Amino acid sequence: MSFKLFEEYSQEFITDVKESYHTILDRVGEDPKREGIVKTPERAAKAMQFLTQGYEMDPKQILEGAMFKEDYSDMVLIKDIELYSLCEHHMLPFFGKAHIAYIPNGHIVGLSKIPRVVDVFSRRLQVQERLTHDILECINETLQPKGVAVVIEARHMCMMMRGVQKQNSATTTSGFRGEFKQSETRNEFLRLIGKDLA
């Protein structure tokens with residue numbers, strides 16, 4: 001399945017998941033027949049299918065479909081890529097920004113494809129650490145660049161709304177391959193994502 005705006009829902013999925021949400025509403029003390037709630041199970045089922053559509057997508061195929069031969073060999077940086085995902089432990093949202101750079105090795109990729117890769121992996125049940133690793137390895141294995149760097153900064157609703165209830169905490173994860181393991185290149189990347197380049 002190629003990346004596109006999600007417009008088609010699986011009726012089988014909606015029917016099955018809708019029943020589960022109906023049960024949840026009943027168990028928490030809501031009246032599933034109440035006017036404001038009666039359509040909630042179907043809406044929630046559609047939302048869940050949208051938020052987990054990444055399982056049906058191949059991120060490597062997205063990159064391979066837009067690779068171009070090019071001699072450019074300096075850093076390509078895409079910063080502040082918005083991401084929204086669901087924590088696999090509580091199925092609550094976490095959200096933030098990804099900063100991704102790579103150093104081409106004979107091929108570049110269409111700039112919109114890197115944010116799409118972020119979306120594919122984000123639209124699965126995730127932990128931030130694995131999300132960082134999945135994005136990093138997908139780009140590294142598919143483009144085979146001289147180096148790749150990924151930094152993700154996110155806020156987790158499972159920490160903000162429940163548990164320790166720390167509303168101002170943020171989590172940063174990072175991964176580096178190839179030339180980004182060298183301190184000079186890595187530090188250049190970190191300096192660039194710390195600046196407002198807009």
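User: Contact means heavy atoms within 4.5 Å. With that settled, which residues does Thr-132 touch, not counting residues up to four places away in sequence?

Analyst: This is a predicted model, where local features need pLDDT of at least 70, side-chain atom pairs count only at pLDDT 80 or more, and totals for chains, interfaces and linings use all residues. Residues are numbered from 1 along each chain as its sequence is written, and side-chain values use heavy atoms, with hydrogens and water left out. Thr-132 has its place in helix H5. Leaving out residues up to four places away in sequence, Thr-132 touches Val-150, Ile-152, Thr-173, Ser-174 and Gly-175.

User: Is Thr-132 buried or exposed?

Analyst: Here buried means under 20% relative accessible area, exposed over 50%, and partly exposed in between (1.4 Å probe, protein chains only). Thr-132 comes out at 3% relative accessibility, so this residue counts as buried.

User: Let's zoom out. How many helices and strands does the protein chain have?

Analyst: Helices (H or I, at least four residues) and strands (E, at least two) are DSSP runs, numbered from the N terminus. Going along the sequence, the pattern reads α-α-α-β-β-β-β-α-β-α-β-α-β-α. The total for the protein chain is 7 helices and 7 strands.

User: What share of the protein chain's residues is buried?

Analyst: For a sense of scale, the C-alpha trace spans about 60 × 40 × 25 Å along its principal axes. Take contacts between residues at least 6 apart in sequence: 72% of them join residues at least 24 apart. As for burial, out of the 198 residues in the protein chain, the buried share is 41%.

User: In what order do the strands of the open sheet sit?

Analyst: Two strands pair if DSSP finds at least two bridges between them. The open sheet has 5 strands with mixed pairing, in the order E5-E2-E3-E6-E7. Strands E5 (125-126) and E7 (171-178) each have a single partner strand, so one side of each has no neighbour in the sheet. Reading across once more, the order is E5-E2-E3-E6-E7.

User: How many bridges join E3 to E6?

Analyst: On one side, E3 runs antiparallel to E2 (residues 76-87), with 9 bridges joining the two; Ser-85 has Phe-94 as its bridge partner in E3, and Tyr-84 has Phe-95. Phe-95 also stands opposite Arg-155 in E6. E3 itself (residues 93-103) is mostly covered, with 8 of its 11 residues buried. Between E3 and E6 (residues 147-156) the pairing is antiparallel, and the number of bridges is 10.

User: Which residue takes a positive phi in the hairpin of E2 and E3?

Analyst: This hairpin has 5 residues between the strands. One residue there takes a positive phi near 55 degrees, and that residue is Met-91.

User: What is the bridge partner of Leu-86 in E5?

Analyst: E2 and E5 pair in the parallel sense, over 2 bridges. In E5, Leu-86 is partnered by Leu-125.

User: Which strands does H5 touch?

Analyst: H4 lies across E2, E3 and E5, and runs at about 15 degrees to E2. H5 also packs on the sheet, its direction making about 155 degrees with that of E6. The strands H5 touches are E2, E3, E5, E6 and E7.

User: How are H4 and H5 oriented to each other?

Analyst: Axes are lines fitted to C-alpha atoms, for helices over the stretch in contact, and angles run from 0 to 180 degrees between N-to-C directions. H4 (residues 113-122) and H5 (residues 128-143) pack at about 135 degrees, with axes 10 Å apart. Angles under 35 degrees count as roughly parallel, over 145 as roughly antiparallel, 65 to 115 as roughly perpendicular and the rest as oblique. That is why H4 and H5 are oblique.

User: How many nonpolar, polar and charged residues are in the contact of H4 with H5?

Analyst: Nonpolar covers Ala, Val, Leu, Ile, Met, Phe, Trp, Tyr, Cys and Pro, charged covers Asp, Glu, Lys and Arg, and the others, Gly among them, are polar. From H4 come Ile-114, Val-117, Val-118, Phe-121 and Ser-122, meeting Leu-131, Asp-134, Ile-135, Cys-138 and Ile-139 in H5. The split is 8 nonpolar, 1 polar and 1 charged.
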